[in-house]
Amino acid sequence: MFIQSHTPFADFTHQTDRHDKSKAPLKDRTVLVCGGDQDDCRQVAESYGFTSVVTTADIITSTPTLWPFTSPQYHASYARPLPQPIYNPSSTSPTHLTISSIFVFADPRDWALDIQLITDVLLSQGGVVGTTRSRSLARQENPAPLVPLYFSNPDLQWASEYHLPRLGQGGFKAAFMGVWEAIHRGIPLKGKTIGKPSRETFEFAEKRLREHRQKLLGTHKGAALGLRKVYMVGDNPLSDIQGGNDYSSPFGSVWDTILVRTGVYNDSQVPPHKPKVTVDGVWDAVKWALIREGWPTDEIEKLSVDDT
């Protein structure tokens, strides 16, 4: 079983419009998906059940003047035609591209383009791309957009092959929020972040763990005992450890956190969120958990990293 930061977005497909309950569920309305390489995130969104997915590549390819600092040719090989045209004052089309929600699935590759397009949609009239709300409305004390914006990962930095941490999706979010607040004279935007350490992500993970456990055990008598203990292993105290420590399971399972000295872990800093234990690597975390669960030491030593 494999869960990524954006996997909980799969539960959004049946979401209804809070302002108009007569509208179709979100899976049948047009959503804007940002981030990732080429068309990858659109394909993931479609695998979750979304049927009308638009990307920034689609939009810039159809209307290159929207952001003149990006070459449309770069995106043309994986862009798709828009379901409706973008509004412009001379348009004669009866319908125009309307975005119902914005999802940042992964780190955007062109921050400037994505910041511009997300800003355009949030400042539009009800998500109609190419329109804009009146200046007085856009600058009011609480300029809440009608189009929800969801991020999937709050991590400011992450570990890559480079020897220093690199900016992650949390960095993109900070850059976007800085632009938004500059436009609105310091008034912040209330965007929703799904991903560690959010409660929604841990609830989703526990639900999937319980389903997976039930499939594994089937009718075995142990299935009736339920999921009693979860070990949360991670290298980031601000997402992995904080999320695991703060999570209170509605099913009564106990979550223990294990911090590993890899990735973004910094040995010179005291972790802002204290784990149950700190170990050198993932295999050490697995062994520690197995010992806690009563596995014989000699049996654990027979295992290899590949076996886990």
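# Exercises on contacts, cores and sheets

At 51% relative accessibility, Leu-238 counts as exposed (buried is under 20% relative accessible area, exposed over 50%, partly exposed in between, with a 1.4 Å probe and protein chains only). The model is predicted, so local features need pLDDT of at least 70 and side-chain atom pairs count only at pLDDT 80 or more, while totals for chains, interfaces and linings use all residues. Residues are numbered from 1 along each chain as its sequence is written, and side-chain values use heavy atoms, with hydrogens and water left out.

**Exercise A. Determine which residues Leu-238 touches, not counting residues up to four places away in sequence.**

Solution. Begin with the element: Leu-238 belongs to helix α8, residues 237–246. Helices (H or I, at least four residues) and strands (E, at least two) are DSSP runs, numbered from the N terminus. Next, apply the contact criterion, heavy atoms within 4.5 Å. Beyond residues up to four places away, Leu-238 touches Pro-197, Pro-272 and His-273. Finally, compare sequence with space: Pro-197 and Leu-238 are 41 residues apart in sequence, and their C-alpha atoms are 7.4 Å apart.

**Exercise B. Establish whether His-75 is buried or exposed, and list what it touches.**

Solution. His-75 is found in helix α3, residues 72–76. Its relative accessibility is 6%, so His-75 counts as buried. With residues up to four places away set aside, His-75 touches Ala-57, Ile-60, Thr-61, Thr-70 and Leu-113.

**Exercise C. Classify the aromatic pair of Trp-111 and Phe-172, and identify the parts that it ties together.**

Solution. Rings of Phe, Tyr and Trp (its six-membered ring) pair if their centres lie within 6.5 Å; planes under 30 degrees apart are stacked, over 60 edge-to-face and the rest tilted. By this rule there are 16 aromatic pairs. In the pair of Trp-111 and Phe-172, the centres are 5.6 Å apart and the planes make 75 degrees, which is edge-to-face. Trp-111 lies in helix α4 (residues 111–122) and Phe-172 in helix α6 (residues 169–183), so the pair ties together parts that are 61 residues apart in sequence. Trp-111 is partly exposed at 28% relative accessibility, whereas Phe-172 is buried at 0%. Elsewhere, one aromatic cluster is formed by Phe-9, Phe-12, Tyr-48, Phe-50, Phe-103, Phe-105 and Tyr-150.

**Exercise D. Find which elements give two or more residues to the largest nonpolar core.**

Solution. A nonpolar core is a set of buried Ala, Val, Leu, Ile, Met, Phe, Trp, Tyr and Cys residues joined through side-chain atoms within 4.5 Å. The largest one has 29 residues, and those with the most contacts inside it are Ile-59, Ile-102, Ile-118, Leu-122, Leu-149 and Phe-176. Two or more residues come from each of β1 (30–34), α2 (56–62), β3 (101–104), α4, β4 (149–151) and α6. The most are given by α4, with 6 residues. Take Ile-102 as an example: outside its neighbours within four places in sequence, its contacts include Leu-32, Cys-34, Ile-118, Val-121 and Leu-122. A second, separate core has 15 residues, among them Val-33, Phe-50, Val-53 and Ile-194.

**Exercise E. Work out the strand order of the open sheet of 5 strands, and explain why one side of each edge strand is left without a neighbour.**

Solution. Two strands pair if DSSP finds at least two bridges between them. The order is β2-β1-β3-β4-β7, with parallel pairing. The edge strands β2 (52–55) and β7 (192–193) each have a single partner strand, so one side of each has no neighbour in the sheet. The parallel strands β1 and β2 are joined by 4 bridges; Leu-32 stands opposite Val-54 in β2. Helix α1 (residues 40–48) packs on the sheet, touching β1 and β2, and its direction makes about 165 degrees with that of β2. Axes are lines fitted to C-alpha atoms, for helices over the stretch in contact, and angles run from 0 to 180 degrees between N-to-C directions. Both faces of β2 are covered: Ser-52 and Val-54 on one side, and Val-53 and Thr-55 on the other, are all buried.

**Exercise F. Give the strand order and the average twist of the open sheet of 3 strands.**

Solution. The order is β8-β9-β10, with parallel pairing. The twist averages 30 degrees from one strand to the next. Strand β9 (residues 254–260) and β10 run parallel and are joined by 3 bridges; Ile-258 has Val-277 in β10 as its bridge partner.
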